[in-house]
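Please look through the structure shown here and follow the explanation step by step, keeping the sequence at hand as you read.

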Amino acid sequence: MIKAVVFDADETLLDLRPAIDYALDQVLGNLRRLDPDLAVTREHLQDDWRVVFAEGPEAPVPHIRRESMRRTLARFGLEQHLDHHYELFFHCRYRATKPFPDALATLAELRESYLLGYATNGNSTADRCGLGGEFAFELYAHQDGLPKKPAPEFFATVVSATGVKPDEIVYVGDNYHHDVAAPAAAGMRTAWVNRGGRELPGPVVPDLVVERLAQLPGGLAGLA
Ligand SMILES: [Mg+2]
């Protein structure tokens, strides 16, 4: 019997990509006010982010953002402007981060039947992203020494926070490796949020696949 439903944040409950793009564009706009001929593009910032993330995916998200932005600015001789633009990025990114349109209604419906939790690798704090007060508990990697997903310790901490058995928990997320394979290895049930209709990328089969959050209440009710 399912007693707890625990959510990934970014790209599961939160429509993060538009907020990141908006924040990057604000940074670019500000940089171009310093130098109208500046050739830096959103792609430069995104490419450096991917490189820094690949070098150390276990690092805290703000560190990855700061180092990647430092590299981009350094390439254009603007490293001395890092602090201001790093702060501008996060100010804009938080201001623009919104839940998907069906998130709050889905959480309200699920709360009638399940304990709800929030457990993320990132820094989308619930209260800054339109999800304040929605969960019985919130867990953030790098707080209190919690390692990032897919570390088994992350999911052991999730289980402890719910106070129920692993197989009474459904972990819900968009990232197959972090949100399906890893929690399944920890004995939890899983719901894969597959908005793009992608092929299953690995051998672990989620207990439930949804394309929209609004499909969760009915899907979860159908799990044995
Ligand atoms: Mg995610």
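In this predicted model, the sulfur of cysteine 92 has its closest cysteine sulfur in cysteine 129, and because the two are 14 Å apart, they are too far from each other for a bond. A disulfide is a covalent bond between the sulfur atoms of two cysteines. For this purpose a pair of cysteine sulfur atoms has to lie within 2.5 Å, and seen from the other side, the sulfur of cysteine 129 also finds its closest cysteine sulfur, that of cysteine 92, at 14 Å, too far for a bond. In agreement with this, a search of the whole structure finds zero disulfides. Both residues are hidden from the surroundings in the sense used here, since buried means under 20% relative accessible area: cysteine 92 is buried with a value of 2%, and cysteine 129 is buried with a value of 0%.

Let us turn next to the metal site. Which residues coordinate the magnesium ion? The ion is coordinated by Asp8 (OD), Asp10 (O) and Asp174 (OD), at 2.1 to 2.2 Å, and along the chain these donors follow the spacing D-x1-D-x163-D. Aspartate 8 and aspartate 10 are both buried.

Aspartate 10 also leads to the largest pocket, because Asp10, together with Glu11, Leu16, Trp49 and Phe53, is named among the lining residues that lie nearest the centre of this pocket. Rolling a probe the size of a water molecule over the atoms shows where empty space is left. The largest pocket has a volume of about 880 Å³ and is lined by 30 residues, which divide into eleven nonpolar, seven polar and twelve charged. Where does the largest pocket lie with respect to domain 1 and domain 2? Domain 1 (4-15 + 99-221) and domain 2 (16-96) both give residues to the lining, so the pocket lies between them. Several helices take part as well, for helix H1 (16-34), helix H2 (42-55), helix H3 (61-75), helix H4 (82-96) and helix H7 (176-185) each supply at least two residues of the lining.

Helix H2 deserves one further look, as aspartate 48 is found in this helix. Is aspartate 48 buried or exposed? With a relative accessible area of 10%, which is under the 20% limit, aspartate 48 is buried. Aspartate 48 and threonine 72 are 24 residues apart in sequence, yet in space they are 6.6 Å apart, C-alpha to C-alpha.

How values were computed: Residues are numbered from 1 along each chain as its sequence is written. This is a predicted model: local features need pLDDT of at least 70, side-chain atom pairs count only at pLDDT 80 or more; totals for chains, interfaces and linings use all residues. Side-chain values use heavy atoms; hydrogens and water are left out. Donors are N, O and S atoms within 2.8 Å of the metal (3.2 Å for Na, K and Ca); water is not among the atoms, so sites may look incomplete. Buried means under 20% relative accessible area, exposed over 50%, partly exposed in between (1.4 Å probe, protein chains only). On a 1 Å grid over the protein atoms alone, a cavity is a set of points where a 1.4 Å probe fits but cannot get out, and a pocket is an open set with protein on both sides within 12 Å along at least five of seven lines; lining residues have an atom within 4 Å of a point. Grid points are joined across faces, edges and corners, and a volume is the space filled by probe spheres set on the points. Helices (H or I, at least four residues) and strands (E, at least two) are DSSP runs, numbered from the N terminus. Ala, Val, Leu, Ile, Met, Phe, Trp, Tyr, Cys and Pro count as nonpolar, Asp, Glu, Lys and Arg as charged, and the others, Gly among them, as polar. Domain bounds come from an automatic or database domain assignment.
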